[in-house]
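Q: Please take a close look at the part of this protein around the bound ligand, and begin with what the record says about the chain.

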Amino acid sequence: MTTRETLRALPVLAHQMPSFDPAGAPAEPMTLFADWLTEAVAAGVDEPHAMTLSTVDADGAPDARVLILKDLDTTGWHFATSAISAKGRQLAGDPRVALTFHWREQGRQVRVRGAARAADATVSRGDFLARPEGSRIATLAGRQSAVLADRAELDRELADVRARLAADPDLVAETHTVYAVAPTRVEFWQADRERRHVRLRYRRTERGWDRELLWP
Ligand SMILES: Cc1cc2nc3c(=O)[nH]c(=O)nc-3n(C[C@H](O)[C@H](O)[C@H](O)COP(=O)(O)O)c2cc1C
């Protein structure tokens, strides 16, 4: 089979999916997101906290990668990364971002648009120290997104950091940064097998949140 034939033979949105009645949706998007996340976890969705973070670089060109959602509160959607990585530099130049969640098993997509803001250094330090040892070693050893000469350089750095961390367990990577995305728009998309998909968009206004349905 050609790649095209393989792709064309694959089913899409053909399985059983939950329904979503937008008439019963809450007044603001955080509550609905938290409900959908709880339902995704209960339904056994794989890595429901994995999301695509899209940014723009200094030339206005888009960039995107997968990250883990670390928290959700009144300040927004939280993620953690290196402030000196490619995305960290892009965020310093332009904080506007998009987050995309795809919960395949449920035919659900959530799109968040807004601005990412770095949390206080104490929050980032606390987040770093709460991470498993392996993750702390990887971050301490790393210059995320810099060019790596060869794999042996990585192994040397990891061994070096492992020894430093054994001597000083409270070592913190100062570049590790928690960001919160304050949302301006959040769209919930529920697939329907008959293609009567539901799209509900929340738009932030001066008064609070407006809700509107969109053509699928
Ligand atoms: C499932 C998954 C989860 C990831 N989680 C994170 C994360 O929480 N933080 C992070 O910095 N990178 C994470 N990554 C790696 C990023 O996708 C990316 O490769 C890295 O952050 C460098 O991106 P940049 O060069 O655009 O800065 C994850 C990758 C995958 C596939």
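A: UniProt lists residues 177-216 as "domain: Pyridoxine 5'-phosphate oxidase dimerisation C-terminal", in an unreviewed entry; UniProt positions follow the numbering used here, feature names are shortened, and annotations may be inferred rather than shown by experiment. The model is predicted, with local features needing pLDDT of at least 70 and side-chain atom pairs pLDDT 80 or more, while totals for chains, interfaces and linings use all residues. Residues are numbered from 1 along each chain as its sequence is written, and side-chain values use heavy atoms, leaving out hydrogens and water.

Now to the ligand. The residues around the ligand, each with a heavy atom within 4 Å of it, include Glu47, Arg65, Ala80, Lys87 and Ser145. By class, this shell has five nonpolar, four polar and three charged residues; Ala, Val, Leu, Ile, Met, Phe, Trp, Tyr, Cys and Pro count as nonpolar, Asp, Glu, Lys and Arg as charged, and the others, Gly among them, as polar.

Some polar contacts (N or O atoms within 3.5 Å; within protein, one must be able to donate a hydrogen and the other to accept it, and residues adjacent in sequence count only if both atoms are side-chain atoms) can be named. A polar backbone atom of Val66 is 2.6 Å from an oxygen atom of the ligand. From the side chains, a polar atom of Thr81 lies 2.6 Å from a ligand oxygen, and one of Gln144 lies 3.2 Å from a ligand oxygen. Of the 630 Å² of accessible area that the ligand has on its own, the protein covers 61%, by the Shrake-Rupley method with a 1.4 Å probe; for residues, only the protein chains shown count as cover.
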